[in-house]
Amino acid sequence: MTVTLDSGNTSARHGNRKPRNRNHDGGPAVATPYTAPLKSFAELNLPDPLRAALREAGIDSPFPIQAATLPDALAGRDVLGRAQTGSGKTLAFGLALLTRLDGGKARAKRPRALVLVPTRELAMQVADSLTPLAKSLGLWCRTAVGGMAFNRQADALQRGVDLLIATPGRLSDHVRQGTCVLGDVNFVALDEADQMADMGFLPQVREILDLTPPRGQRLLFSATLDGDVKKLVDRYLTDPVEHSVAPVTASVTTMDHHVFQVSYPDKQAIITEIAAREGRTIMFVRTKHHVDRLAERLREAGVHAAALHGGKTQGQRNRVLSDFKAGHTPVLVATDVAARGIHVDDISLVLHVDPPADHKDYLHRAGRTARAGASGTVVTLITHDQRRTMKRLTDRAGVRAETATMRPGDAELARITGARQPSGEPVIEREHRRDTPRRGGPRAHGEGRGRPSFGGRGRQPRHSGGGSGRPQRSGRGPARRGWSND
């Protein structure tokens, strides 16, 4: 079925289709509680190369969300998965998509499966997790995200992509330019659907889904399934099976929550003392300007800190995250761009320099610590006038936070956070090789000046012949370092 982007009444096409009934008993699908049906991936009918790749990566046992959703997803049913960030959703939909794609071949410009995510960082993480698995089956997995070279993405799509991981804005650009056609996308996964709704992407998401075959399989994963997300479910999923393995409140028992009331004149000194602690720390700030300013102040005080926000090119963001993961930069100052989709082990403290906008943002920020059974601490700094607002927010998040008044140098500040006096010797930012733009034409759509890589890890196959067909397989794939069962 060939579908092109136009202004026709595509919503009517979806609205008039008859609901499919995939239940064996002929009745509608109902919400299904998690009952831990699987103890290992060996119990699933996964392709042998896929099981071997999982074993090689040291992934043997499914996370709860994977154990709950994979049997239904592999059976071809539409699935709703409600789980928090870090619960293992990537493999929950990724293994199902790759298994169903096994044995097929993509046509030029026509991906066969699609994963929609809200941010570039999440797209890179999903690609890092799924590309080695796709390679084991001889499938091509690529990304289409903003901040990276449009023409290189278009070139890869022309060669044939089995699984495309994309952000809504950039995918819409490719559809409009004719470099991507969605008529062959019979499998779609929406990851972090609630964040896409919060970021205002749902009109683009609906436009994209309207261009996919109406009887294709849809898998939707989100921390919440209400509001605009529910409207999306009602319109595009047919008789979905719902699996919920986590409440929409804080549920990590190894996470300690604290709210520190501070005076405005003391705030910077307290932030600096906390930043000077040992261990990895993420500090969340509301605006890009304040992120840059705070990171600079911390470096001037002797703290190795780096800034991460949406105003940086993808190359800059990748390098900042690489330094943070490697431990070269123990303090990451970020906007909410880092609140979802970034998996870094051993983050022992999350500091809300600016309180989050709502309880969902609080939970996603807090979810950067206490991952995979580790312990962690979450601290929010507030002023006197923010007390009631913060209390309402923590109540909605299901958090019991210890509240205390803090001043610089307090013993309790050091006990809870490990705060200490910084060295006072200014830190010079790590130098990186300057990005050199590739020759061959202007950048499309105002792309950033980062190195134009494709897919995050960055080996772009060479042309074979006249620029069409599938690239030759080199046998090389992304390094397995950084894999996570996420």
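**Note on the predicted model**

1. At 22% relative accessibility, Asp239 counts as partly exposed. This residue sits in the loop that connects α10 (227-236) with β8 (241-244). Asp239 is not a glycine, yet its phi is positive, near 45°. The structure under discussion is a predicted model, and these backbone values should be taken as such.

2. Lys109 is another residue other than glycine with a positive phi, in this case about 70°. Lys109 belongs to the loop between α4 and β3 (113-116). With a relative accessible area of 31%, Lys109 is partly exposed, because its value lies between the 20% limit for buried and the 50% limit for exposed.

3. On overall confidence, the chain has an average pLDDT of 79, and 76% of the residues score at least 70. Residues 1-36 have a pLDDT that stays under 50, although the model gives this stretch 66 contacts beyond four places in sequence. The pLDDT is also below 50 over residues 248-252, a stretch with 18 contacts in the model beyond near neighbours in sequence. Where pLDDT is low, predicted coordinates should not be read in detail.

4. As to general architecture, the chain contains 16 helices and 15 strands. It has 486 residues, of which 56% count as buried. Of the contacts between residues at least 6 apart in sequence, 78% join residues at least 24 apart. The exposed area of the chain is about 21,600 Å², with carbon and sulfur atoms supplying 47% of it.

5. The structure holds one aromatic pair. Its members, Phe93 and Phe221, are tilted with respect to each other, at 5.7 Å centre to centre and 55° between the planes. The pair links distant parts of the chain, since Phe93 lies in helix α4 (residues 89-101) and Phe221 in strand β7 (residues 217-222), 128 residues apart. Phe93 is buried, with a relative accessible area of 0%, and Phe221 is buried at 1%. The description as tilted follows from the angle, because 55° is neither under 30 degrees, as stacked rings require, nor over 60, as edge-to-face rings require.

6. Strand β12 (residues 331-334) merits a separate comment. Val331 and Val333 point one way from the strand, Leu332 and Ala334 point the other way, and all are buried. In a regular strand, side chains alternate between the two faces of the sheet. Strand β10 (residues 280-284) runs parallel to β12 and is joined to it by four bridges; in this pairing Phe284 stands opposite Ala334. Strand β11 (residues 305-308) also pairs with β12 in the parallel sense, over four bridges, and here Ala305 is opposite Val331. Together with helix α13 (residues 314-326), β11 and β12 make a right-handed β-α-β unit.

7. Helix α6 (residues 150-159) is mostly covered, with seven of its 10 residues buried. The buried residues are Phe150, Arg152, Gln153, Ala154, Ala156, Leu157 and Arg159. Their cover includes β4 (141-144), β5 (163-166) and α7 (168-177). After α6 comes Gly160, which has a positive phi, near 115°.

8. Ile165 is located in strand β5, one of the elements that cover α6. Ile165 has a relative accessible area of 0% and is therefore buried. Leaving aside neighbours within four places in sequence, the contacts of Ile165 are Val115, Ala123, Val126, Ala127, Cys141, Arg142, Thr143 and Ala144. Ile165 and Ala189, 24 residues apart in sequence, are separated by 9.3 Å in space, C-alpha to C-alpha.

9. For helix α14 (residues 359-366), eight of its eight residues are buried. These include the charged or polar side chains of Lys360, Asp361 and Arg365, together with Tyr362, Leu363 and Ala366. The buried residues of α14 pack against helices α8 (193-198) and α15 (387-397) and against strands β9 (255-261), β10, β13 (347-352) and β14 (376-382). Strand β10 thus appears in two settings, as a packing partner of α14 and as a parallel neighbour of β12.

Terms used
Residues are numbered from 1 along each chain as its sequence is written. This is a predicted model: local features need pLDDT of at least 70, side-chain atom pairs count only at pLDDT 80 or more; totals for chains, interfaces and linings use all residues. Side-chain values use heavy atoms; hydrogens and water are left out. Rings of Phe, Tyr and Trp (its six-membered ring) pair if their centres lie within 6.5 Å; planes under 30 degrees apart count as stacked, over 60 as edge-to-face and the rest as tilted. Buried means under 20% relative accessible area, exposed over 50%, partly exposed in between (1.4 Å probe, protein chains only). Two strands pair if DSSP finds at least two bridges between them. A crossover is right-handed if, with the strands pointing away from the viewer, the path from the first strand over the helix to the second runs clockwise. Contact means heavy atoms within 4.5 Å. Accessible areas come from the Shrake-Rupley method with a 1.4 Å probe; for residues, only the protein chains shown count as cover. pLDDT is the predictor's confidence in each residue, from 0 to 100.
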